[in-house]
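Subject: A structure for you to look at

Hi,

Here is the structure I promised to pass on. Have a look at it first, then read my notes underneath.

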Amino acid sequence: MVSREGKTSADSIAFIPVPPPVDPVGHGPDLIVTDLLAEAPDEVHPSVWLFQGTVVNQGSAVAGPSQARLRIDLNNDGTWDYHSTNNTTGSLQPDASEVKQWVGIASMIPDGIHFIEICADIQNSVAEIGEKNTGNIVFFQRLRIVD
Ligand SMILES: [Ca+2]
Ligand SMILES: [Ca+2]
């Protein structure tokens, strides 16, 4: 649990980029996750973090419904500290996308560098032309400005 005592609300997040996977070729659906976001709490909602990713069908055929999942590795030490419940994604036409959000789950996030992963189609219910690019990862750093 992070103590807010003596802290301002000026939490901020710095992202450390991870190279994108190589896009597959062929005809069929291909789900990927883009635009990962971790948003720190504000003064009004001191424990409410927002995590977000956009599931995109970058393939050439319709992707049926699927389930997305968020995982968080606090302190980037190789252990997943948080697994979200699955978040349903609807059927996606080629080039269509759906924003998935997980809200208010992470009041335990301490200062430091952490690692998040958001995967589309976690149950592999969509047969894609690219099955190895269906998750995306990003590091984020929690920085706090202390009075
Ligand atoms: Ca799949
Ligand atoms: Ca994929």
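Let's start with a question: in strand β4 (residues 66-73), which residues sit on the covered face and which on the uncovered one? The covered face consists of S66, A68, L70 and I72. On the uncovered face you'll find Q67, R69, R71 and D73. Before we go on, keep in mind that this is a predicted model.

**The overall picture**

The chain has 9 strands and 0 helices, so if you write out its elements from the N terminus on, you get β-β-β-β-β-β-β-β-β. There are 147 residues in the chain, and buried ones make up 28% of them. Now take the contacts in the chain with a separation of 6 or more: 74% of them are between residues 24 or more positions apart.

**Back to β4 and its partners**

Strands of a sheet pair through backbone hydrogen bonds, either parallel or antiparallel. Which sense does β4 use with β8 (residues 112-119), parallel or antiparallel? These two run antiparallel, joined by 5 bridges, and R69 stands opposite C119 in β8.

β4 also pairs with β6 (residues 87-89) in the antiparallel sense, over 3 bridges. There, S66 has T89 as its bridge partner. Then there is β5 (residues 82-83), which pairs with β4 over 2 bridges, again in the antiparallel sense. In β5, H83 is the residue opposite R71.

**A sheet of three strands**

Next, find β2, β3 and β7. These 3 strands form an open sheet in the order β2-β3-β7, with antiparallel pairing. β2 and β7 (97-103) stand at the edges with a single partner strand each, so one side of each has no neighbour in the sheet. On average, neighbouring strands here are turned by 20 degrees against each other, direction ignored.

If you'd like one pair to trace on screen, try β3 and β7, which pair over 7 bridges in the antiparallel sense. One spot to look for is T54, whose bridge partner in β7 is V99.

**The nonpolar core**

In soluble globular proteins, nonpolar side chains tend to be buried together. The largest nonpolar core in this model has 25 residues, and V33, I116, I118 and A120 are those with the most contacts inside it. Which elements give two or more residues to this core? They are β2 (31-39), β3 (50-57), β4, β8 and β9. β2 gives the most, with 5 residues.

A120 is a good one to click on. Leaving out residues up to four places away in sequence, A120 touches L31, I32, V33, V55, S66, A68, T89 and T134. S66 and A68 in that list are also on the covered face of β4.

**One last residue: N136**

N136 lies in strand β9 (residues 135-143). Is N136 buried or exposed? It counts as buried, because N136 has 21 C-beta neighbours inside 10 Å, and the cut-off for buried is 20 or more.

What does N136 touch, if you don't count residues up to four places away in sequence? The answer is I32, V33, T34, L36, G53 and I118. V33 and I118 come up again here, having already appeared among the core residues with the most contacts. Finally, compare N136 with V55: they are 81 residues apart in sequence, and their C-alpha atoms are 10.0 Å apart in space.

Have fun turning it around, and write back with any questions!

How values were computed:
Residues are numbered from 1 along each chain as its sequence is written. Chains are lettered from A and ligands numbered from 1 in the order in which they are written. This is a predicted model: local features need pLDDT of at least 70, side-chain atom pairs count only at pLDDT 80 or more; totals for chains, interfaces and linings use all residues. Helices (H or I, at least four residues) and strands (E, at least two) are DSSP runs, numbered from the N terminus. A residue is buried if 20 or more other C-beta atoms lie within 10 Å of its own, exposed if 12 or fewer, and partly exposed in between; C-beta atoms are placed from the backbone. Two residues are in contact if their C-beta atoms, placed from the backbone, lie within 7 Å. Two strands pair if DSSP finds at least two bridges between them. A nonpolar core is a set of buried Ala, Val, Leu, Ile, Met, Phe, Trp, Tyr and Cys residues joined through C-beta atoms within 7 Å. Axes are lines fitted to C-alpha atoms, for helices over the stretch in contact, and angles run from 0 to 180 degrees between N-to-C directions.
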